[in-house]
Amino acid sequence: MSKSSALTNWHPASWQSRPAAQQPRYADKIALERAIASLGKLPPLVVSWEIEALRAKLAAAQRGEQFLLQGGDCAESFEDCESDKIAKRLKILLQMSLVLLQGLKKPVIRVGRFAGQYAKPRSTETETRDGVSLPCYRGDNVNRPGFSRAEREPDPELLLRGYERAALTLNFVRALIDGGFADLHHPEYWDLGFLRHSPLGDAYQKIVDSIAESLDFFESMSGQRVHSASRVDFYTSHEGLHLFSEQAQTRYIERQKRWYNLSTHMPWVGMRTADLDGAHVEYFRGIANPIGVKVGAAMSTERLQELVQVLNPQNLPGRLTLIHRFGVKDIEQRLPEMIRAVRATGSQVLWVCDPMHGNTETTAAGVKTRRFENILAEVETSFRIHAECGSIMGGVHIELTEEDVTECIGGARGLAEADLARAYKSPVDPRLNGEQALELAMRIAERAGASRRTKRMKL
Ligand code: PEP
Ligand code: CO
């Protein structure tokens, strides 16, 4: 059987006949080919049965039985591939997932925006400073953030460096998890110092204690240890933007009789590259991974319907996650029609809210920021709209960092515009710091608790 017989005219390189947006321009094409050929020979970072396990969980989230927490940096940097930073990032995601588990009373699927989130779409090709124009920074897989010609020149060797760092990151995360770091019996392992002095400290401790007591109660009653609480699953995701490198890591799995992108469990198509006739949609339609698609205000309902059909023609459960990112201003108007449009196709999808990318604003001083209150309001509005439309809001997609940055305004500590200058580190989008990220999870959990109580009272 031909390897492309299951899909009409698809091959890992078939995207090359379509217009590919957001690709770097490499001066040395031979060097690019060499780097891609080397990448194609390296062993995969993930395997197909992990990918299939994630797909089954995402299918459960579609039915409202699980909840997706997808989070991490806007752009990972090679420099941040350090043990301390990776462990702290994992801790934040584990803490958030613990809070969500307790509040939503359903398993949380943890998917990091990490181990490969090294390529960024940009709104312009070049950046100009003091009359000098250079190519934009497109992520560490492509070039470097410093403003010199040498740093901004796309370098194909960086793709190999990125692959190695993704492997190092994932190796460490896997070892931590296998070693018991993510054991729900020991959430104290994930203590991140800041909570001791945080306005959220007590509330978080109460959640930890209540989980510990529930586990204790269940284990004493059943006389058995809850082993499933000793080890959690962790998955990776990144924007599948740089198509030559995604292609190089796409392999045919004989046993499954399908092609998989084995560089990550769940790649997503960004908003700027979701053109129906473009190269990204062509590439994504052929891989068997569960995939995400960002859905923004620029997308029409008809376009979304076409995308859903092209990307999941067999209507496989768990295959397609729609990550809407309208912003608090537009969600009220745009989300209901999108939900109705997708329902009309008969396609099953997982709806996830990204409350970050539609809420970016620039201060009078020219600093890119996001307001915690808008982020929270978009999540809350999203839960409400899905419920009103008889749909399920099955997860959140968050940009966050373990570092104590001041990039987003607001939160329990009341960060103000004047604080942004103090610790603004992101070369791209503003991220929630650890405390703000945890606060967001707590507010989601509180809301879920309150709506359960209201439902019980109505019974
Ligand atoms: C991102 O997730 O970092 C991003 C660029 O998002 P979007 O494609 O939704 O703008
Ligand atoms: Co971003």
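# A walk through the model, ring by ring

Select Trp10, Tyr252, Trp259, Tyr283 and Phe284: together they form one aromatic cluster. What you have open is a predicted model, where local features need pLDDT of at least 70, side-chain atom pairs count only at pLDDT 80 or more, and totals for chains, interfaces and linings use all residues. Residues are numbered from 1 along each chain as its sequence is written, chains are lettered from A and ligands numbered from 1 in the order in which they are written, and side-chain values use heavy atoms, with hydrogens and water left out.

**Stop 1: the rings**

Keep tryptophan 10 and tyrosine 283 on screen. Their ring centres are 6.4 Å apart and their planes sit at 45°, so this pair is tilted. (Rings of Phe, Tyr and Trp, the last by its six-membered ring, pair if their centres lie within 6.5 Å; planes under 30 degrees apart are stacked, over 60 edge-to-face, and the rest tilted.) Now colour by position along the chain: tryptophan 10 belongs to the segment before helix H1 (29-41) and tyrosine 283 to helix H8 (residues 279-286), 273 residues apart. (Helices, H or I of at least four residues, and strands, E of at least two, are DSSP runs numbered from the N terminus.) Are the two buried or exposed? Both tryptophan 10 and tyrosine 283 are buried. (That means under 20% relative accessible area; exposed is over 50% and partly exposed lies in between, with a 1.4 Å probe and protein chains only.) The whole structure holds 8 aromatic pairs.

**Stop 2: the cobalt ion**

Next, click ligand 2. Which residues coordinate the cobalt ion? They are Cys74 (SG), His357 (NE2), Glu399 (OE) and Asp429 (OD), at 2.0 to 2.5 Å. (Donors are N, O and S atoms within 2.8 Å of the metal, or 3.2 Å for Na, K and Ca; water is not among the atoms, so sites may look incomplete.) Along the chain, the donors follow the spacing C-x282-H-x41-E-x29-D. Two of them come from distant parts of the chain: histidine 357 is in the loop between strand S11 (350-353) and strand S12 (360-362), while aspartate 429 is in the loop between strand S14 (393-399) and helix H12 (434-458), 72 residues apart. Histidine 357 counts as buried at 17% relative accessibility, and aspartate 429 is buried too, at 10%.

Stay with cysteine 74, which is buried at 0% relative accessibility. From there, find cysteine 408, also buried with a relative accessible area of 0%. Why is there no bond from cysteine 408? Its closest cysteine sulfur is the one in cysteine 74, and at 11 Å that is too far for a bond. The search of the whole structure finds 0 disulfides. (A disulfide is a pair of cysteine sulfur atoms within 2.5 Å.)

**Stop 3: the cavities**

Switch on a surface with a clipping plane. There are 3 cavities of 30 Å³ or more. (On a 1 Å grid over the protein atoms alone, a cavity is a set of points where a 1.4 Å probe fits but cannot get out, and lining residues have an atom within 4 Å of a point; grid points are joined across faces, edges and corners, and a volume is the space filled by probe spheres set on the points.)

The largest cavity contains about 170 Å³ of space. Select Gly116, Asn141, His238, Ser245 and Gln249, the closest to its centre among the 18 lining residues. Helix H5 (157-178) gives the most to this lining, with 4 residues.

Then move to the second largest cavity, at about 100 Å³. Its lining includes Glu76, Asp80, Arg89, Phe114 and Val173. Helix H3 (83-104) provides the largest share here, 4 residues.

**Stop 4: two backbone oddities**

Show the backbone at glutamine 22, which has a positive phi of about 65° although it is not a glycine. Glutamine 22 lies in the segment before H1 and counts as buried at 16% relative accessibility. Aspartate 130 also has a positive phi, near 45°. You will find aspartate 130 in the loop between strand S3 (126-129) and S4, exposed at 83% relative accessibility.

**Last stop: a long ruler**

Draw a distance from glutamate 306, in helix H9 (residues 301-311), to arginine 413. Their C-alpha atoms are separated by 44 Å, with their positions 107 residues apart along the chain. Glutamate 306 is partly exposed, with a relative accessible area of 35%.

Notes:
On a 1 Å grid over the protein atoms alone, a cavity is a set of points where a 1.4 Å probe fits but cannot get out, and a pocket is an open set with protein on both sides within 12 Å along at least five of seven lines; lining residues have an atom within 4 Å of a point.
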